[in-house]
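Please walk through this protein chain, beginning with its overall build and ending with a few single residues.

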Amino acid sequence: DVQLQASGGGLVQPGGSLRLSCAGSGFSFDDRAISWFRQAPGKEREGVSCIYKSGTTYYADSVKGRFTISRDNAKNTVYLRMDSLKPEDTAIYYCALERGPACNVVHWGIDHWGKGTQVTVSS
């Protein structure tokens, strides 16, 4: 029974920081890439970041230099550290299980979606 759960969202002021967590179970965690997506009202879902089994990372241009993805396989958890947050970062953030050990950011291959966590950036 594959489970994936995002947590750690909340309300922050512009320029603030949050760390999101994605806890997984029911699969071989250290064999799979994990990705983060976000969706704001009226906008298309956006692939934000992804971390390969190897530790190689991907970031969307909109978050490069501000977000940092990492993983702790011993805890079956992937993190997304978000710094210098902007109002346009406001969205529901979801983590997702990739098909294999690498991320395909052209044609996303997602096996399972986790329940999202709300991030609101506002003064």
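The paragraphs below take up the fold, the disulfides and then some individual positions.

The model is a predicted one. The protein chain contains zero helices and 11 strands, and its pattern along the sequence reads β-β-β-β-β-β-β-β-β-β-β. Taken along the principal axes, the C-alpha atoms fill a box of roughly 40 × 30 × 25 Å. For 123 residues, a compact globule would be expected to have a radius of gyration near 14 Å, and the 13 Å of the protein chain agrees with that.

Burial and contacts come next. Of the 123 residues, 42% count as buried. Among contacts between residues at least 6 apart in sequence, 58% join residues at least 24 apart. The protein chain exposes about 6300 Å², and carbon and sulfur atoms supply 45% of that area. As for charge, there are 14 positive and 12 negative charges, and the mean positions of the two sets are 3 Å apart.

How many disulfides does the structure hold? There are two. In general, a disulfide is a covalent bond between the sulfur atoms of two cysteines. With the bonded cysteines of the protein chain numbered in sequence order, the pairing is 1-3, 2-4.

One disulfide is formed by Cys22 and Cys95, whose sulfur atoms are 2.2 Å apart. Cys22 belongs to strand E3 (residues 18-25) and Cys95 to strand E9 (residues 91-98), so this pair ties together parts that are 73 residues apart in sequence. The torsion about the S-S bond of Cys22 and Cys95 is about 75°, and the disulfide is therefore right-handed. Are these two cysteines buried or exposed? Cys22 has a relative accessibility of 0% and so counts as buried. Cys95 is also buried, with a relative accessible area of 0%.

The other disulfide joins Cys50 to Cys103, with an S to S distance of 1.8 Å. Cys50 lies in strand E5 (residues 46-51), whereas Cys103 lies in the loop between E9 and strand E10 (110-113), so the pair ties together parts that are 53 residues apart in sequence. The torsion about the S-S bond is -80° here, and the link of Cys50 and Cys103 is left-handed. Cys50 counts as buried because its relative accessibility is 0%, under the 20% cut-off. Cys103 has a relative accessible area of 10% and is buried as well.

Strand E5 also holds Ile51. This residue is buried, with a relative accessible area of 4%. What does Ile51 touch, leaving aside residues up to four places away in sequence? Its contacts are Ala33, Ile34, Thr56, Thr57, Ile69, Ser70, Arg71, Val78 and Cys103. Cys103 in that list is the residue that the disulfide joins to Cys50. The C-alpha atoms of Ile51 and Trp36 are separated by 9.0 Å, and the two residues are 15 residues apart along the chain.

A buried residue can also be found in a loop. Val63 is placed in the loop between strand E6 (57-59) and strand E7 (67-72), and with 0% relative accessibility Val63 counts as buried. Not counting residues up to four places away in sequence, Val63 touches Arg38 and Val48. Val63 and His107 are 44 residues apart in sequence, and their C-alpha atoms are 20 Å apart in space.

Two further loop residues are picked out by their backbone. Most residues other than glycine have a negative phi. Asn76, however, has a phi near 50°, a positive value in a residue other than glycine. Asn76 lies in the loop between E7 and strand E8 (77-82). Its relative accessible area is 29%, so Asn76 is partly exposed.

Ser84 also has a positive phi, near 50°, and is likewise a residue other than glycine. Where does Ser84 lie? Its place is the loop between E8 and E9. Ser84 is partly exposed, with a relative accessible area of 42%. That value falls between the 20% that bounds buried residues and the 50% above which a residue is exposed, which is why Ser84 is placed in the class in between.

Technical notes. Residues numbered from 1 in each chain as written. Predicted model: local features only at pLDDT ≥ 70, side-chain atom pairs only at ≥ 80, totals over all residues. Heavy atoms only, no water. Disulfide = S-S within 2.5 Å. Helix = DSSP H or I, 4+ residues; strand = E, 2+ residues; numbered from the N terminus. Buried < 20%, exposed > 50% of the residue type's maximum accessible area, 1.4 Å probe, protein only. Rg over C-alpha atoms; globule rule 2.2 N^0.38 Å. Contact = heavy atoms within 4.5 Å. Areas by Shrake-Rupley, 256 points an atom, 1.4 Å probe, with all protein chains shown as cover. Lys, Arg positive; Asp, Glu negative; His and termini not counted. Charge placed at Lys NZ, Arg CZ, Asp CG, Glu CD.
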